Each structure stands twice: as C-alpha cells, then as structure tokens.
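Could you load the model in your viewer and keep the selection tool at hand? We will take a short walk through it, one stop at a time.

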Amino acid sequence: MIANLRSAATLVALFTLMLGLVYPLAMTGFAGAVFPQQAAGSLVERDGRIVGSALVGQAFSGPGYLHPRPSAAAGGYDASASGGSNLGPASARLQERLGADSAALQAQYGVSTIPADAATTSASGLDPHVSPQYARLQAARIAEARGMERTDVLRLIDRAQEGRTLGFLGEPRVNVLSVNLALDEMAAGRDGG
C-alpha cells in the first residue's frame, strides 16, 4: 500500500512539474520565437505609444469613428469581464434588446435592414472586427463628421478588409482599430500635422 502511494505521489509531482511548469514555459518560448508579434498580444503602436491590440476590440463612439459591434463584456470591451450574455435565442430579454437596437440603427442609418453584427455581440464580447457591410454602412456618418468624402472613407474601409482565414475559415472582416487609426492619420495629414 505504501509503495502504491509513493508511486502515485511521485507521478503527481512529476506530471505537475512537467505539465504545470515545463510544458507551459516551452510553449511560451516557442510562441515568442516563432510568432513574436502575436505572443506579445498583437499590440498596435503609434508614435512610440501603445494604442491598442489588433486582437481585442475597443469602444469607439464618436461620430467620426468606425464603431465596433456591441460588447457583452461588462462596461464594454472590458477584457476582465469577457464572455457572452448567456441569453439564448428564445430569451425575451435578448429579443427585446435586439429589436430596440435594430430599430435604433435602422432609423440612424435610414435603412430597412442592418447587418447582424450591428446589433449582436460576439461570444467573447471583445471582437475587434465588424463585417464589411456594417463598416460600409457607417461610411456616410464618418465622412460627414470628419468633413471627408464618403468615397475616401470607403476606400480606407476596403483597404482594411481582411479575407477569410486560410482562404476558407470565417467571414471577411474589417478591423475597427485599423480603420480608425487610418482615419486619424488621414486627418492629421490634411491638417498638416
């Protein structure tokens, strides 16, 4: 019996050391060597300062910015509260929220239908992308707020569009932070600064 306990305790200690320390450190080192940008959080830097991550959404609400999809994370895009709302498709509360949000967006943009991601949240609540359709829907508002031509905003959106991962996974998407940084750079160039 003692021999069995000793063997079991030795195996628990060995596997704890290997799977709890050695393996995670090896994978972290491998990721840092092979995918350094992604392993560091895909941070986006402008003028020597970090302005965000290409992988985590941010709340942009000004009229001159591309708005992200709604976030289910508490406080909006709070990574420490990431997660869905746990409201299922039969939830009256979810249907009420979607109906109200959709109606408000339809009135705001003067359209009869809106892209699904304009009113729905992502599973994590931190999605940094919107659909090309939702991004293009916002172009007129952005152009008006910035005193730009709508075609210039559409050009920036089209340039920032990403295709399907590996050519077949997911849907085409637009990174909100990327477009907003490009809008700010374009405005700075116009203002001479």
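The tour visits a hairpin and then some salt bridges. Please keep in mind that this is a predicted model.

**Stop 1: the hairpin.** Select residues 43–46, strand E1, together with residues 49–53, strand E2. The two strands run antiparallel and are joined by 4 bridges. To see one pairing, pick Glu45, whose bridge partner in E2 is Ile50. Now move to the turn, where 2 residues sit between the strands. One residue to check here is Asp47, which has a positive phi near 50 degrees.

**Stop 2: a pair within one helix.** The model holds 8 salt bridges. For one of them, show the side chains of Arg97 and Asp101, with an N to O distance of 2.7 Å. Both residues belong to helix H3 (residues 92–109) and lie 4 residues apart, about one turn of the helix. Arg97 is partly exposed at 30% relative accessibility, and Asp101 is partly exposed at 28%.

**Stop 3: a pair between helices.** Next, select Arg146 and Asp184, a salt bridge whose closest N and O atoms are 2.8 Å apart. This pair links distant parts of the chain, 38 residues apart: Arg146 is in helix H5 (residues 139–146) and Asp184 in helix H7 (residues 176–190). Are the two partners buried or partly exposed? Arg146 is buried, at 15% relative accessibility, whereas Asp184 is partly exposed, at 30%.

**Stop 4: a pair between strands.** Finally, bring up Arg173 and Glu162, whose side chains form a salt bridge at 3.5 Å, N to O. Arg173 is in strand E5 (residues 173–175) and Glu162 in strand E4 (residues 161–162), so the salt bridge ties together parts 11 residues apart in sequence. Glu162 is partly exposed, at 29% relative accessibility.

Methods. Residues numbered from 1 in each chain as written. Predicted model: local features only at pLDDT ≥ 70, side-chain atom pairs only at ≥ 80, totals over all residues. Heavy atoms only, no water. Pairing = 2+ DSSP bridges. Salt bridge = Lys/Arg side-chain N within 4 Å of Asp/Glu carboxyl O. Buried < 20%, exposed > 50% of the residue type's maximum accessible area, 1.4 Å probe, protein only.
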